Amino acid sequence: AKSECQPDLKSISRNYLEQLSHSVDWFESEKHGQKVSQTPIIICPSRTPEWNAVPRQGARVMTFTYLADFRQSILKWATALESHDNFNDRLLVATNLQQFHLSSGQLTTKWTQGFNRPAKES
């Protein structure tokens with residue numbers, strides 16, 4: 001994931017999207033040809049790339065609103081597991097991951113969005 005976007009950012013710079021893409025390249029090079037599924041995610045207040053910025057195919061955006069809700073969901077999940085040592089029960093952990101939308105299949109669909117069309121050239 002790429003983060004550190006400023007809260008008042010209106011569009012996502014080419015530099016930010018290149019950093020995200022380079023991180024994916026590094027990740028894939030570290031896996032040495034292993035088939036590993038990954039989704040590049042940028043955490044940013046905007047979903048709109050600048051006119052000269054192209055998101056990597058498959059990349060997603062977690063807006064700051066989604067990030068705040070994501071944090072709350074993680075807190076609720078941890079609280080549910082904390083009570084009565086529920087973290088020792090694999091089935092209960094999996095059930096809670098589903099309940100709070102934190103399973104691997106739900107992370108991108110619940111907490112991220114696709115990119116908008118690029119902003120017009122300034």
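**Exercise 1. Decide whether alanine 119 is buried, partly exposed or exposed, and place it in the chain.**

Alanine 119 has a relative accessibility of 27% and therefore counts as partly exposed, given that buried means under 20% relative accessible area, exposed over 50%, and partly exposed in between, with a 1.4 Å probe and protein chains only. The model is a predicted one, in which local features need pLDDT of at least 70 and side-chain atom pairs count only at pLDDT 80 or more, while totals for chains, interfaces and linings use all residues. Residues are numbered from 1 along each chain as its sequence is written, and side-chain values use heavy atoms, with hydrogens and water left out.

Next, locate the residue: alanine 119 sits in the segment after helix 4 (104-111), where helices (H or I, at least four residues) and strands (E, at least two) are DSSP runs numbered from the N terminus. Then list its partners: apart from neighbours within four places in sequence, alanine 119 is in contact (heavy atoms within 4.5 Å) with Ser11, Thr48, Pro49, Glu50 and Trp51. Finally, set a distance beside this: lysine 76 is 43 residues from alanine 119 in sequence, and their C-alpha atoms are 37 Å apart in space.

**Exercise 2. Describe the fold of the protein chain in outline.**

Start with the elements: the protein chain holds 4 helices and 2 strands, and along the sequence they follow the pattern α-β-β-α-α-α. Its C-alpha atoms fill a box of roughly 55 × 35 × 20 Å, taken along the principal axes. Of its 122 residues, 31% count as buried. As a last step, consider contacts between residues at least 6 apart in sequence, of which 63% join residues at least 24 apart.

**Exercise 3. Work out how helix 2 and helix 3 are arranged, and which residues make their contact.**

The axes of helix 2 (residues 64-82) and helix 3 (residues 90-99) come within 10 Å and cross at roughly 155°; axes here are lines fitted to C-alpha atoms, for helices over the stretch in contact, and angles run from 0 to 180 degrees between N-to-C directions. Helix 2 is therefore roughly antiparallel to helix 3, a term used for angles over 145 degrees. The contact is made by Trp77, Ala80 and Leu81 on helix 2, together with Leu92, Val93, Asn96 and Leu97 on helix 3.

**Exercise 4. Identify the largest nonpolar core and follow one of its residues.**

A nonpolar core is a set of buried Ala, Val, Leu, Ile, Met, Phe, Trp, Tyr and Cys residues joined through side-chain atoms within 4.5 Å. The largest has 11 residues, namely Cys5, Ile12, Tyr16, Leu17, Leu20, Ile42, Cys44, Ala53, Ala59, Val61 and Phe115, and helix 1 supplies the largest share of this core, with 3 residues. A second, separate core has 8 residues, among them Ile41, Ile43, Leu67 and Phe70. Leucine 17, when residues up to four places away in sequence are not counted, touches Ile12, Ile42, Pro49, Ala53, Val54, Pro55 and Phe115.

**Exercise 5. Characterise serine 13 and histidine 101 by their place and accessibility.**

Serine 13 is found in the segment before helix 1 (14-30), and it counts as buried because its relative accessibility is 16%. Histidine 101 lies in the loop between helix 3 and helix 4 and is partly exposed, with a relative accessible area of 30%. Its backbone calls for a further step: histidine 101 has a positive phi of about 60° although it is not a glycine. Most residues other than glycine have a negative phi.

Conventions. Angles under 35 degrees count as roughly parallel, over 145 as roughly antiparallel, 65 to 115 as roughly perpendicular and the rest as oblique.
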